[in-house]
Amino acid sequence: MLHRLLTLFSHPLTRNKLSILNYHQVLESPDPMRPWEPDRVKFDWQMALLRRHFQPLSLIEALDRLEADTLPDHAICVTLDDGYLNNLEVGVPILKRHQIPATVFVASGFSNGENMWNDRILELFANLKNERINLEAIGLAKPELGNIATRRSLANYTITQLKYLPIAERVQTVNTLYHANGNIPEQRKMMRPEEISQLAAAGVEIGGHTHHHPILKGMSPQEQHQEIQQNKMLLEQWTGKPVVGFAYPNGRFGKDMDGASLAVVRQLGFRYAVSTDAGYTHKASNPHNLSRFTPWDNQPLRFHARLISNLVSRLAARN
Ligand SMILES: [Zn+2]
């Protein structure tokens with residue numbers, strides 16, 4: 001009942017507006033080191049709610065219909081970033097069950113079995129064999145790890161310390177941290193090329209996300225071009241389909257990418273590109289800087305209310 005009222009009252013305010021949701025992982029079971037990532041149960045009710053109260057569309061169809069002034073009311077798109085294997089194994093069956101189209105933006109440099117640096121940090125801090133952790137590589141002592149909450153906050157602190165380092169230095173520092181703390185075994189989290197191809201064959205749109213997942217801002221236009229083109233080329237080769245969408249790594253305009261990045265993406269022929277700046281998309285939005293947001297709520301009515309509030313907020317996409 002409350003859900004229906006939300007839909008009804010928001011109706012005139014949400015017309016001709018599109019929400020693009022931004023997920024990363026769909027976990028097999030909840031992970032206390034990553035409380036922000038939905039597990040299969042949460043993702044399932046969220047997708048059921050989208051199917052029931054919204055009009056889920058593929059991003060390309062939504063953009064076509066926005067252009068043609070035929071966007072249905074409560075249009076919504078689902079995207080997932082980075083290329084996690086659980087998107088294929090856990091996410092696809094749920095998306096299929098609720099008939100929700102989706103786009104997965106893949107950073108191709110992690111298709112060789114290597115995990116992303118932020119996941120490697122989380123795993124290192126989660127490892128219960130380590131009671132203390134040697135952080136000399138980032139100029140800290142050897143703090144006690146303690147319970148999961150302490151581990152999580154220390155790991156996130158370390159991630160913020162490393163996030164804006166040049167890639168080679170970032171990877172080197174993570175390797176040094178692993179070396180200093182017993183080189184724990186790592187489970188592969190990212191899709192290999194054949195799994196990316198399976199995901200595309202399952203009807204999921206594959207979009208670009210650079211090769212190494214760098215922060216584009218501050219890199220030369222030539223370096224940005226190289227990162228984005230190599231990624232596009234590999235994904236097209238693996239899937240046998242054109243790659244027309246792109247997601248900026250980290251994705252904040254002005255902080256992680258800027259006008260120079262938009263120009264490179266446009267030059268490479270991408271039809272659209274998405275950021276992580278919150279807001280909705282409308283007809284006048286810049287197609288190479290579309291807003292997205294992550295609804296993190298654990299409770300269906302709050303989740304629904306947040307989806308509506310995104311559409312009625314003043315946070316229109318940048319023009
Ligand atoms: Zn990413």
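**A zinc site and a helix: group meeting talk**

Hi everyone, let's start with two residues: D82 and H209 are both buried. Keep in mind that this is a predicted model.

Why begin with that pair? Both are protein donors of the zinc ion: D82 gives OD and H209 gives NE2, and the NE2 of H213 joins them, with distances of 2.0 to 2.2 Å. If you like to read motifs along the sequence, the donor spacing is D-x126-H-x3-H. D82 sits in strand β3, residues 75-82, while H209 is in the loop between β5 (205-208) and α9 (221-239), so this pair ties together parts of the chain that are 127 residues apart in sequence.

Now on to helix α6. This one covers residues 148-162, 15 in total, and its first and last C-alpha atoms are 21 Å apart, close to the 21 Å expected at 1.5 Å a residue. Just at its start, a side-chain oxygen of N147 comes to within 3.2 Å of the backbone nitrogen of A149.

Which residues of α6 are buried? They are R151, L154, A155, T158, I159 and L162. These cover an arc of only 140 degrees around the axis, which puts them on the same side of α6. Their cover includes α5 (117-126) and α7 (167-180).

Let's zoom out to finish. The protein chain has 11 helices and 7 strands. Its radius of gyration is 20 Å, close to the 20 Å from the globule rule for 319 residues, so the chain is as compact as a globular protein of that length. Buried residues account for 52% of those 319. And of the contacts between residues at least 6 apart in sequence, 72% join residues at least 24 apart. Thanks, everyone!

Methods:
Residues numbered from 1 in each chain as written. Predicted model: local features only at pLDDT ≥ 70, side-chain atom pairs only at ≥ 80, totals over all residues. Heavy atoms only, no water. Donors = N, O, S within 2.8 Å, 3.2 Å for Na, K, Ca; no water. Helix = DSSP H or I, 4+ residues; strand = E, 2+ residues; numbered from the N terminus. Buried < 20%, exposed > 50% of the residue type's maximum accessible area, 1.4 Å probe, protein only. Expected span 1.5 Å × (residues − 1). Arc of directions from axis to C-beta. Contact = heavy atoms within 4.5 Å. Polar contact = N/O pair within 3.5 Å; in protein donor to acceptor, adjacent residues only side chain to side chain. Rg over C-alpha atoms; globule rule 2.2 N^0.38 Å.
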